[in-house]
Protein chains: 2
Amino acid sequence: MPRDGAKTKQRIMDAAQAQVLERGFAATSVDAIQEAAGISRGTFFYHFPSKDDLARAVIERYAEEDRGLVNDLMARAESLASDPLQHALIFLGLLEEVFRETGAGEAGCLFASYSYEAGLFDERTDALIIGSIELWRRTLGGKLEAALERHPAKLPDTDPYVLADMAYGVLQGAFIFGRTLSDPSVMVTHVRQFRSFLELLFEVGLPTESTASTVPDALERKSSP
Amino acid sequence: MPRDGAKTKQRIMDAAQAQVLERGFAATSVDAIQEAAGISRGTFFYHFPSKDDLARAVIERYAEEDRGLVNDLMARAESLASDPLQHALIFLGLLEEVFRETGAGEAGCLFASYSYEAGLFDERTDALIIGSIELWRRTLGGKLEAALERHPAKLPDTDPYVLADMAYGVLQGAFIFGRTLSDPSVMVTHVRQFRSFLELLFEVGLPTESTASTVPDALERKSSP
DNA sequence: TATGTTAAACTGACTGGTCAGTATATTACT
DNA sequence: AGTAATATACTGACCAGTCAGTTTAACATA
């Protein structure tokens, strides 16, 4: 039965992440994690020298997944069109798809969870969260900046990076919304609404928005973790 | 020094709220609150039978302030114009003003904080948070619904309540943003951007958005709590 | 005398963390 | 092949400290 420590470690982190999203880090005891993961107390401390080390490991794994998802989605968007504005729009469409399929909107965002317990963590954790914001800015904001150079925006003085920040904010807001109302569909609705706003801003003429698929049928590729 | 129990109670709640926003409720000990409020341990339990009672009192006070602010701002907006769309836009403009003046964007939203520790609280607390969302929906969503009946929206199938929800979400997102980057101006920027989107959606023709004041000069009235 | 406040001592549950020891599987030795 | 050695994975009891909450006795104000 024994012999794969890596798997156990992941199980511990899975259990921890789920509980942190539900009650916060401080209120999640080592005992509760250990029990949920189906291991003993000693095993926990064998894998993690302290509870704080677990906190860091969990958020680092989360940040890495996040990075992977963003990069993957944008790469896919880029392979589906050549115009930067389309890249941005398809990127958001793919994101919408991910939320629709995984229903991740109910769980919430670990960055936000940590942020509301910021006093418990060190600067390294803060840096991870800020890093996630910066990646988003580079990825989506950069595309919108390029889009602005080609397409006229209906609002003058449009700052593409403010748009990107706001998109990130919409996601965060939708997470809280989805959690509070136990309704994962909010995630999808809000992302879609934001994309519609972008289309309006750039005068992309989809005369009837309708409820049809907003992403080319071509992409059946599974979304990453 | 002694003699006003109500004031002491408020001081306790102030200290608690500040600490909860910084590290979350679970990580905020009674001792720490008591020390920050400058009172003794006995006094704390004289005013609050338990820590949970404090939690409820703090969120109830917060919900009441929130309700007061929303109602106040919308009432003021209504006194400044007669069109429901203008009511909605001025409402958001006034909100922007509040955030600009108070710098409340750095602190964060107590609803969100509680939401990310939801497992610790009972249904009454959940109900308060949901109630705040519903008030927002009624207040802003109702206006936008009325606006849609008079003004054509550039996007068909526009649901005014989705717009209202999304505005709430933008606020929540901006709170997290402001906290994480220690930049209260995000609050203002995001609200303004959202309002611009609404103007675009309803084709309100401000040909040059510019940086001029977006709210009539007439209102010097102080914003509520 | 009512209410508000203090200070300190105490309880019991629970916390993060330690530790001595056990089990399992791989490798090394003969 | 058989056995000893070893690194990794895991266990459960235990410890010291912190937590929320209680109790008690005194004191201040109005």
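The paragraphs below lead through some helices, salt bridges and surface charges of this structure.

The model is predicted, so that local features need pLDDT of at least 70 and side-chain atom pairs count only at pLDDT 80 or more, while totals for chains, interfaces and linings use all residues. Residues are numbered from 1 along each chain as its sequence is written, chains are lettered from A and ligands numbered from 1 in the order in which they are written, and side-chain values use heavy atoms, with hydrogens and water left out.

A good place to begin is helix 2 of chain B, which covers residues 30–37; helices here are DSSP runs of H or I with at least four residues, numbered from the N terminus. The buried residues of this helix are B:Val30, B:Ile33, B:Gln34 and B:Ala37, where buried means under 20% relative accessible area, exposed means over 50%, and partly exposed lies in between, with a 1.4 Å probe and protein chains only. These residues sit on the same side of helix 2 of chain B because they cover an arc of only 95° around the axis, the arc being that of the directions from the helix axis to the C-beta atoms. On the face turned away from the buried side, helix 2 of chain B carries the exposed residues B:Glu35 and B:Ala36. After helix 2 of chain B comes B:Gly38, which has a positive phi, near 70°.

We turn next to charged side chains. Side chains of opposite charge can pair when their charged atoms come close. A salt bridge is counted when a side-chain nitrogen of Lys or Arg is within 4 Å of a carboxyl oxygen of Asp or Glu, and by this rule there are 19 salt bridges over all chains.

One of them joins B:Arg56 to B:Asp53, with the closest N and O atoms 2.7 Å apart, and both residues lie in helix 4 of chain B (residues 51–80), 3 residues apart, about one turn of the helix. B:Asp53 counts as partly exposed because its relative accessibility is 23%.

Another salt bridge pairs B:Glu96 with B:Arg195, whose closest N and O atoms are 3.4 Å apart. This pair links distant parts of the chain, since B:Glu96 lies in helix 5 (residues 84–102) of chain B and B:Arg195 in helix 9 (residues 185–201) of chain B, 99 residues apart. Both B:Glu96 and B:Arg195 are buried. In chain A, salt bridges that share partners join A:Glu96, A:Arg100, A:Arg192 and A:Arg195 into one network.

Notes. Helix = DSSP H or I, 4+ residues; strand = E, 2+ residues; numbered from the N terminus.
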